[in-house]
Amino acid sequence: MLSPSQTFGQLAENLAEHMLRKKGYRIVDKNLHLAGGELDLIAEHQGTLVFIEVKARRGDQFGGAPY
């Protein structure tokens, strides 16, 4: 079972994936585990490979999202 913070993070990643798909990105991989950590999303857009780290906050104390 996921903790509340893990559930919130997973929701944020799903929202980011949805937004990227709407903007024409093709999702190549998700939650790729590597020796140095994890990549949340890997996408391709107009021939460029894009690595995405999703950060979610519950408030806007540190700034909002530019979507």
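**Exercise 1. The surface patch**

Which residues make a nonpolar surface patch of about 290 Å²?

*Solution.* The model is a predicted one.
Step 1. Find Val 28, Leu 49 and Phe 51; together they make the nonpolar patch.
Step 2. Place one of them: Leu 49 is found in strand 3.
Step 3. Check its cover. Leu 49 has a relative accessibility of 48%. Partly exposed lies between 20% and 50%, so Leu 49 counts as partly exposed.

**Exercise 2. The overall layout**

Describe the secondary structure of the chain and the pattern it follows along the sequence.

*Solution.* Step 1. Count the elements: one helix and three strands.
Step 2. Read along the sequence. The pattern is α-β-β-β.
Step 3. Take the dimensions. The C-alpha trace spans about 35 × 30 × 20 Å along its principal axes.
Step 4. Look at burial. The chain has 67 residues, and 19% of them count as buried.

**Exercise 3. The sheet**

Work out the strand order of the sheet, and explain which strands stand at the edges.

*Solution.* Step 1. Trace the order. The three strands form an open sheet, ordered 1-2-3, and their pairing is antiparallel.
Step 2. Find the edges. Strand 1 (26-34) and strand 3 (48-52) each have a single partner strand, so one side of each has no neighbour in the sheet.
Step 3. Add the twist. On average, neighbouring strands of this sheet are turned by 25° against each other, direction ignored.

**Exercise 4. Strands 1 and 2**

How many bridges join strand 1 to strand 2, and what are the bridge partners of Ile 27 and Leu 32?

*Solution.* Step 1. Set the range of strand 2: residues 37-45.
Step 2. Count the links. Seven bridges join strand 1 to strand 2, and the two run antiparallel.
Step 3. Match the partners. Ile 27 pairs with Ala 43 in strand 2. Leu 32 has Leu 39 as its bridge partner in strand 2.
Step 4. Name the connection. Strands 1 and 2 form a hairpin, with two residues between them.
Step 5. Recall a rule for side chains. In a regular strand they alternate between the two faces of the sheet.

**Exercise 5. The nonpolar core**

List the residues of the largest nonpolar core, and say which element gives the most to this core.

*Solution.* Step 1. Collect the eight residues. They are Ala 12, Ala 16, Leu 20, Ile 27, Leu 41, Ala 43, Ile 52 and Val 54.
Step 2. Sort by element. Helix 1 (4-22) and strand 2 each supply at least two residues of this core.
Step 3. Pick out the top contributor. Helix 1 gives the most, with three residues.
Step 4. Connect this to the sheet. Ile 27 and Ala 43 belong to the core, and these residues are also bridge partners.

**Exercise 6. A salt-bridge network**

Show how Glu 17, Arg 21 and Lys 30 are joined into one network.

*Solution.* Step 1. Start with the total: the structure holds four salt bridges.
Step 2. Take the pair within the helix. Glu 17 and Arg 21 meet through their side chains in a salt bridge of 2.7 Å, N to O. Both lie in helix 1, four residues apart, about one turn of the helix.
Step 3. Compare with the sheet. Glu 17 also forms a salt bridge with Lys 30, with the closest N and O atoms 3.2 Å apart. Glu 17 lies in helix 1 and Lys 30 in strand 1, so this pair ties together parts that are 13 residues apart in sequence.
Step 4. Check accessibility. Glu 17, at 10%, counts as buried. Arg 21, at 45%, is partly exposed. Lys 30, at 40%, counts as partly exposed.

**Exercise 7. A salt bridge across the hairpin strands**

Where do Arg 26 and Glu 44 lie, and are they buried or partly exposed?

*Solution.* Step 1. Identify the contact. Arg 26 forms a salt bridge with Glu 44, and the closest N and O atoms are 3.8 Å apart.
Step 2. Place the partners. Arg 26 is in strand 1 and Glu 44 in strand 2; 18 residues separate them, and the pair links distant parts of the chain.
Step 3. Read the accessibility. Arg 26 counts as partly exposed at 48%. Glu 44 is partly exposed too, at 23%.

**Exercise 8. After the last strand**

Is Lys 55 buried or exposed?

*Solution.* Step 1. Locate Lys 55 in the segment after strand 3.
Step 2. Use the cut-off. Exposed means over 50%, and Lys 55 has 64%, so Lys 55 counts as exposed.
Step 3. Relate Lys 55 to Asp 40. They are 15 residues apart in sequence and 9.6 Å apart in space, C-alpha to C-alpha.

How values were computed
Residues numbered from 1 in each chain as written. Predicted model: local features only at pLDDT ≥ 70, side-chain atom pairs only at ≥ 80, totals over all residues. Heavy atoms only, no water. Pairing = 2+ DSSP bridges. Axes fitted to C-alpha atoms, helices over the stretch in contact; angles between N-to-C directions. Patch = residues over 30% accessible without salt bridge, like charges linked within 9 Å, V, L, I, M, F, W, Y side chains within 5 Å. Areas by Shrake-Rupley, 256 points an atom, 1.4 Å probe, with all protein chains shown as cover. Buried < 20%, exposed > 50% of the residue type's maximum accessible area, 1.4 Å probe, protein only. Core = buried A, V, L, I, M, F, W, Y, C linked by side-chain atoms within 4.5 Å.
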